[in-house]
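Subject: The structure I promised you

Hi,

Here is the structure we talked about, with the sequence alongside. Have it open while you read, and I'll walk you through what turned up.

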Amino acid sequence: MVVAHYFINYIPTVFLGVPDDETATAVFPMHRLTLKGLGYEAVFLSGFGAFLGIVFSICVVFIIYLLNLDFYGFYESLKPHLPFILTLILFIIVVFSRSYWTAVVTILSGIFGVITLYKNPSFNCTLTAIFTGMFGIPILMNSLKITKIPHQIITFPDFKLSFLKSAFLGSIGGILRVFLPAVGGSQMNYFLSKLIVESNIKNFIISQGSITLASEVFSIFALFLIRTGRSGVADAIGNLNIDVNLFQLITSIIIASSISCAILLYLSKFILLKMQKIEFKKISMFFILFCTFIVVVSSIKYDVIYHLVVYLIGISIGTLCLKTKTPLSYMMSVLIFPTILYLK
């Protein structure tokens with residue numbers, strides 16, 4: 001189920017610009033290809049990267065078992081130094097950023113994350129308000145200028161060896177996530193985006209697809225590698241109290257990813273052809289209202305006013321990011337800052 005979810009989740013990310021926390025950094029590059037008539041290529045690249053991420057992840061797991069590497073011991077020795085490692089990486093990113101607005105967006109997003117997530121319980125509705133506001137609504141608002149999406153060319157991109165490099169780097173990001181408690185695929189996407197610049201759109205999209213699935217696969221393999229899960233799915237498998245061996249796990253993941261990738265390509269083609277017949281401005285307006293409705297409904301049990309404020313602040317930061325042409329990945333500091341404080 002989780003493999004199928006992450007594959008099909010690229011469809012709203014590519015065509016509508018509505019992300020979740022795992023696909024947030026990739027949403028704008030994917031959306032840009034769609035507006036150039038290359039939406040199907042964006043879907044294919046995402047699925048291709050995701051599939052390669054799974055393949056590379058499985059290969060690495062086999063190497064770990066063949067060499068009998070002590071991942072658990074390495075993880076235990078690394079834990080005390082994690083806050084300093086993350087702080088150093090973040091400092092380098094900000095200091096060597098090419099634009100004044102890059103630092104502004106990074107710091108604003110980080111402060112926003114600390115206030116909303118570190119000092120308060122991070123309910124799912126809070127994360128929904130943050131990511132929909134920062135990454136989804138600004139892009140949908142920008143799409144209101146578009147009457148119809150451009151004619152889409154249903155074609156596959158030319159293969160490049162650099163695609164394999166991007167997928168491999170994404171898989172490495174998935175491995176690193178195993179050692180970083182409270183750090184998800186979205187934070188690893190943030191750091192990886194600094195290695196593969198977003199101006200190289202196709203390679204960037206492949207890397208994001210790769211790290212998303214590699215992160216999830218390694219979160220499950222973490223049950224075997226460091227004796228603890230790194231996601232809700234991994235915890236659920238661990239709590240089933242059934243004997244699941246590594247071979248069964250790998251087989252099920254390969255089958256699920258193969259079927260899901262095929263469904264992704266077929267379903268995205270069908271939806272894309274249908275969307276060209278509908279006024280895109282109306283679709284964007286509908287999803288702006290729908291996302292706002294979801295934020296309100298999901299926060300009823302907690303504090304609607306608070307989450308609406310969080311939602312509006314997120315929209316403001318996201319709009320600033322778009323207007324200053326700052327890569328959206330810098331807004332992922334909304335999770336990086338509170339993660340560093342949490343680990344300390």
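Let's start at a loop. Threonine 326 sits in the stretch between H15 and H16. One thing to keep in mind as you look around: this is a predicted model.

Is threonine 326 buried or exposed? It counts as buried, because its relative accessibility is 6% and the cut-off for buried is under 20%. Leaving out residues up to four places away in sequence, threonine 326 touches Trp101, Thr102, Val105 and Cys321. Also have a look at arginine 98: it is 228 residues away from threonine 326 in sequence, yet the two C-alpha atoms are 10.0 Å apart in space.

Now go to lysine 325, which is in the loop between helix H15 (304–323) and helix H16 (333–343). With a relative accessibility of 75%, lysine 325 counts as exposed, because exposed means over 50%. Its phi is near 60 degrees, a positive value in a residue that isn't glycine.

Time to zoom out. How many helices and strands does the protein have? There are 16 helices and zero strands. The protein has 344 residues, and 53% of them count as buried. Its accessible surface comes to about 15,900 Å², with 69% of that belonging to carbon and sulfur atoms. If you take the contacts with a separation of 6 or more, 81% of them are between residues 24 or more positions apart.

Next, the inside. The largest nonpolar core has 37 residues, and the ones with the most contacts inside it are Phe7, Leu33, Ile54, Ile205, Leu213 and Phe221. Which helices supply at least two residues each? They are helix H1 (2–8), helix H2 (10–15), helix H3 (27–35), H4, H9, helix H11 (201–225) and helix H13 (246–275). H4 gives the most, with 10 residues. Apart from this core lies another one, of 27 residues, including Leu140, Val295, Tyr330 and Met332.

If you want a closer look at one of the well-connected residues, try isoleucine 205. Not counting neighbours within four places in sequence, isoleucine 205 is in contact with Pro29, Met30, Leu33, Ala42, Leu45 and Ser46.

Helix H4 deserves a moment of its own. It covers residues 39–67, so to speak 29 residues in all, and reaches 42 Å from its first C-alpha to its last, close to the 42 Å expected at 1.5 Å a residue. Just after H4 comes asparagine 68, with a positive phi of about 55 degrees.

H4 also takes part in a salt bridge. How many salt bridges are there by the rule used here? The count comes to one. Lysine 202 pairs with glutamate 41, and their closest N and O atoms are 3.1 Å apart. The pair links distant parts of the chain, with lysine 202 in helix H11 and glutamate 41 in helix H4, 161 residues apart. Glutamate 41 is buried, with a relative accessible area of 7%, whereas lysine 202 counts as partly exposed at 27% relative accessibility.

Another residue to click on is serine 171, in helix H9 (residues 161–178). At 1% relative accessibility, serine 171 counts as buried. Leaving aside neighbours within four places in sequence, its contacts are Leu52, Gly53, Phe56, Ser57, Ser210, Ala214 and Phe218.

Then there is the surface. Phe286, Phe290, Phe293, Ile294, Val297 and Ile300 make a nonpolar surface patch of about 570 Å². One of these, phenylalanine 293, is in helix H14 (residues 280–298).

Finally, find serine 299, in the loop between H14 and H15. Why does serine 299 count as buried? Because its relative accessibility is 0%, and anything under 20% counts as buried. Not counting residues up to four places away in sequence, serine 299 touches Cys125, Val304 and His307. Its C-alpha is 9.5 Å from that of threonine 128, although the two residues are 171 apart along the chain.

That's the tour. Click through it at your own pace, and write back if anything is unclear.

Cheers

Notes: Residues numbered from 1 in each chain as written. Predicted model: local features only at pLDDT ≥ 70, side-chain atom pairs only at ≥ 80, totals over all residues. Heavy atoms only, no water. Helix = DSSP H or I, 4+ residues; strand = E, 2+ residues; numbered from the N terminus. Buried < 20%, exposed > 50% of the residue type's maximum accessible area, 1.4 Å probe, protein only. Contact = heavy atoms within 4.5 Å. Areas by Shrake-Rupley, 256 points an atom, 1.4 Å probe, with all protein chains shown as cover. Expected span 1.5 Å × (residues − 1). Core = buried A, V, L, I, M, F, W, Y, C linked by side-chain atoms within 4.5 Å. Patch = residues over 30% accessible without salt bridge, like charges linked within 9 Å, V, L, I, M, F, W, Y side chains within 5 Å. Salt bridge = Lys/Arg side-chain N within 4 Å of Asp/Glu carboxyl O.
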